[in-house]
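Work through the exercises below with the sequence and the 3D view open. Try each task before you read its solution.

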Amino acid sequence: MKRKDRSDIIFRRVLAVFPLLILILVGGILFKLVTASSLSIQKFGFTFLFTRTWDPVFENFGALPFIYGTLLSSFVALLIAIPIGLGTAIFLAEYAPYGVQRVFSSLIDLLAAIPSVIYGLWGIFVLVPIMRTNVQPFLGKYLGFLPFFQGPNYGVGVLSASVILAIMIVPFIISVSREVILAVPQVYKEAAYAMGSTRWEAIQTIILSYGKPGIVGGIILALGRAIGETMAVTMIIGNNVKISASLFSPGYTLASVIANEFAEASDKLYLSSLIEIGLVLLFVSIVVNSLARLLI
Amino acid sequence: MFKKITVFSLVLMVAGIAFAGGPVLINGAGATFPYPIYSKWFDEYSKINPTVQFNYQSIGSGGGIKQITAKTVDFGATDGPMTPDQMAEAPGRIYHIPMVMGAVVVTYNLEGVDKGLRISPDILADIFLGNITKWNDSRITAINPDQKLPDQDIVVIHRSDGSGTTFIFVDYLSSVSSEWKNKVGKATSVNWPVGLGGKGNEGVSGLVKQTPGGIGYVELSYAIKNKLAYAFLESQSGKFIEPDLESTSKAAEGVEIPEDFRVSLVNSSNPAAYPIAGFTWLLIYKNMDDAVKGKAIVDFIKWAIHDGQKYTEKLLYAPLPDKVVEMIENRLGQIKY
């Protein structure tokens, strides 16, 4: 008996090391980001978060347009991806025959495995022309009274980037939601039917409420990917440092500016500001994730 | 058993001797623009001199400057000269050695207009400042009487990533427009007044090709390889110059070149020179830490500026003028190893 206790204790302690490693890793990243961006933090302070200029020549740096672009593109991507993802998951788990379910599941996993640069190239050569000649003129014509669908139509811009992001994050939402829905105990569903529920009512009352934490988890995972996505977005968003309400106009994201400018940044303040952008990106991810958990 | 060990250690010793007399490995890092010619040179040079091996990482000019300053590489490479601050930060005196020349061309997407649209410096600056917004602006049509220019919005497209190509381009705009110089200035990335950003030459040319009314800038070699439509630019003499290797090389003949070669070649006074051109440099220390590597690098540079220049044309770089080659030889004589 005693020996078994001891092995349990050892096992527990060994296991406890692993989460500790994660803690050390996150702490280390945070520490390095703060020390490496100290020059920029000292120079700009909190105004860094509210300045709309990014000027490497006159060394005046602010993160606001990038924060705005990151949040806007991720938010619009979620708006597109959630209905598609959730709808697909419910259909596959509840309505589709087993064979269809299996084929689609492997297709969806395949989508999740495509590298983002491939999505970016596809975006430039296929999606952007479609957006410019078909989708955006259509939106401008019928929804042009809204400020989101006004202004010149280049094809590249926040909306196209959001569409690419939505395509990239939909597999996450589908996979997680489908697993969660499948995990709802059969007896609960049967209870709902026994009470005289229609299928829609059963899905609404039992499955979605029982699976809510899991589905939200999937959406947060997807949101995290959208906020941090770099390559595909950089290729499509237009990379223009400005804040515009229109989804047609080009924008810029935190991850994109780092990817674009880090290699050539050689002045100290410039480099330090780029690293502070990384710090801001980390905080944006943390804040958005916590908010999402609170809200949903 | 004992015998086996003796043989084994003998083999080790022989291998050790062979290693000591083996190839000199030289590491470099920096600019992406000259990467094709550098890798061709390293390849050809290792055929002539198999004892020297080069390893070059094309991580960008900024990275090249950082690494040579930190002495993590034996040479750096850059498309824009180091700033005085950067020079002061380096632990020793760094020499800039020009290797080849490149040009930046203005490319556009206008239906019915092939290459040869005429653009003057003030018009180019005003387009990129956002002051001229239509293709049929009277200033553009005035110097292009033969072209039918549409009533179309101009869509400016620039590099989104930091780049030596951008440096040369905005260096030119700064030298021809005081408004550009005061509002935007020159660096590898700038705060663009208008336009869309594409990543890399391929990103810019992709956007220009797809966007009716688009105008952007790419390297000359990239434009020729991809058969892009490019503009003829007005030089200081008032002539409109077609960008090609010859007119790019001429740019170095209209500018007084200082002994340290840290000079901009844009807006050359040579009437036959294309005005948006520049050197790309190798960065090496004047006092080399390692005698063997130092000699190998200097020997390589001597070869590259003479015999090596014959490979430039095929790879679409402009060769160095003879006068510059002579100056480099003097400069190399000052290097100590």
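On a 1 Å grid over the protein atoms alone, a pocket is an open set of points with protein on both sides within 12 Å along at least five of seven lines, and a cavity is a set where a 1.4 Å probe fits but cannot get out; lining residues have an atom within 4 Å of a point. Points are joined across faces, edges and corners, and a volume is the space filled by probe spheres set on them. This is a predicted model: local features need pLDDT of at least 70, side-chain atom pairs need 80 or more, and totals for chains, interfaces and linings use all residues. Residues are numbered from 1 along each chain as written, and chains are lettered from A in written order.

**Exercise 1.** Describe the largest pocket and its lining.

Solution.
1. Its volume is about 520 Å³.
2. The lining has 33 residues; closest to the centre are Pro81(B), Thr83(B), Phe167(B), Ala187(B) and Thr188(B).
3. The lining divides into 16 nonpolar, 11 polar and six charged residues.

**Exercise 2.** Why does the largest pocket lie between two domains of chain B?

Solution.
1. Domain bounds come from an automatic or database assignment.
2. Domain 1 (7-102 + 278-332) and domain 2 (103-277) both give lining residues, so the pocket lies between them.

**Exercise 3.** Find the largest cavity and name the residues nearest its centre.

Solution.
1. The whole structure holds four cavities of 30 Å³ or more.
2. The largest cavity has a volume of about 160 Å³.
3. Among its 18 lining residues, Asn239(A), Val241(A), His158(B), Val190(B) and Trp192(B) lie nearest the centre.

Definitions and conventions
Heavy atoms only, no water. Nonpolar A, V, L, I, M, F, W, Y, C, P; charged D, E, K, R; others polar.
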